[in-house]
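This briefing introduces a protein chain to a reader who has not met it before. The sequence and structure are shown first, followed by notes grouped by topic.

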Amino acid sequence: FPSADLYAFGNVLHNWPDEMNRNLLAKAYHSLPQNGTVAVLEMLIAEDITSTDRSAAGLNLCMVTNEQGRQYKASELRDMMQDGFMDATVYSSPLTPYTVVVAKK
């Protein structure tokens with residue numbers, strides 16, 4: 001990746017298998033300067049699964065049956081960011097099914 005202060009992945013990671021996403025996040029990490037930021041915007045699956053928003057559940061079904069990816073839980077994205085990134089913070093709102101997970105190098 002070219003050098004940048006921020007890498008934003010919006011509706012990207014759900015398209016790919018876990019290993020590809022770990023590689024994308026690792027490339028972002030290595031291209032960021034110290035204190036650089038990565039932001040991931042996705043429709044997330046609820047931690048307890050049963051309270052998942054219908055939009056996210058439907059998209060997850062499409063991804064699992066027709067693509068290589070899936071929708072993630074916030075904890076799964078934070079786990080992917082543990083290889084170097086710090087302070088992964090989850091921002092969500094009841095007004096939208098989207099969530100942003102932000103972390104610093």
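Helices and strands are here DSSP runs, of at least four residues for helices (H or I) and at least two for strands (E), numbered from the N terminus. The model is predicted. Its four strands form an open sheet, and its largest nonpolar core has 19 residues.

**Sheet**
- The strand order is β1-β2-β4-β3, with mixed pairing.
- β1 and β3 stand at the edges with a single partner strand each, so one side of each lacks a neighbour in the sheet.
- From one strand to the next, the twist averages 15°.
- β2 and β4 run antiparallel and are joined by seven bridges; in β4, T99 is the bridge partner of E42.

**Nonpolar core**
- The residues with the most contacts inside the largest core are F9, L13, L25, V38 and M81.
- Two or more residues each come from β1 (6–10), α1 (18–31), β2 (37–43), α3 (74–80) and β4 (98–104).
- With four residues, α1 gives the most to this core.
- Helix α1 lies across β1 and β2, and runs at about 160° to β1.
- Beyond its neighbours within four places in sequence, L13 is in contact with N21, L24, L25, V40, E42, Y72 and L77.

**Backbone with positive phi**
- I49, although not a glycine, has a positive phi of about 65°; I49 is found in the loop between β2 and α2 (54–66).
- D87 is likewise not a glycine and has a positive phi of about 55°; D87 lies in strand β3 (residues 86–92).
- D87 counts as exposed because its relative accessibility is 63%, and exposed means over 50%.

Conventions
Residues are numbered from 1 along each chain as its sequence is written. This is a predicted model: local features need pLDDT of at least 70, side-chain atom pairs count only at pLDDT 80 or more; totals for chains, interfaces and linings use all residues. Side-chain values use heavy atoms; hydrogens and water are left out. A nonpolar core is a set of buried Ala, Val, Leu, Ile, Met, Phe, Trp, Tyr and Cys residues joined through side-chain atoms within 4.5 Å. Buried means under 20% relative accessible area, exposed over 50%, partly exposed in between (1.4 Å probe, protein chains only). Contact means heavy atoms within 4.5 Å. Two strands pair if DSSP finds at least two bridges between them. Axes are lines fitted to C-alpha atoms, for helices over the stretch in contact, and angles run from 0 to 180 degrees between N-to-C directions.
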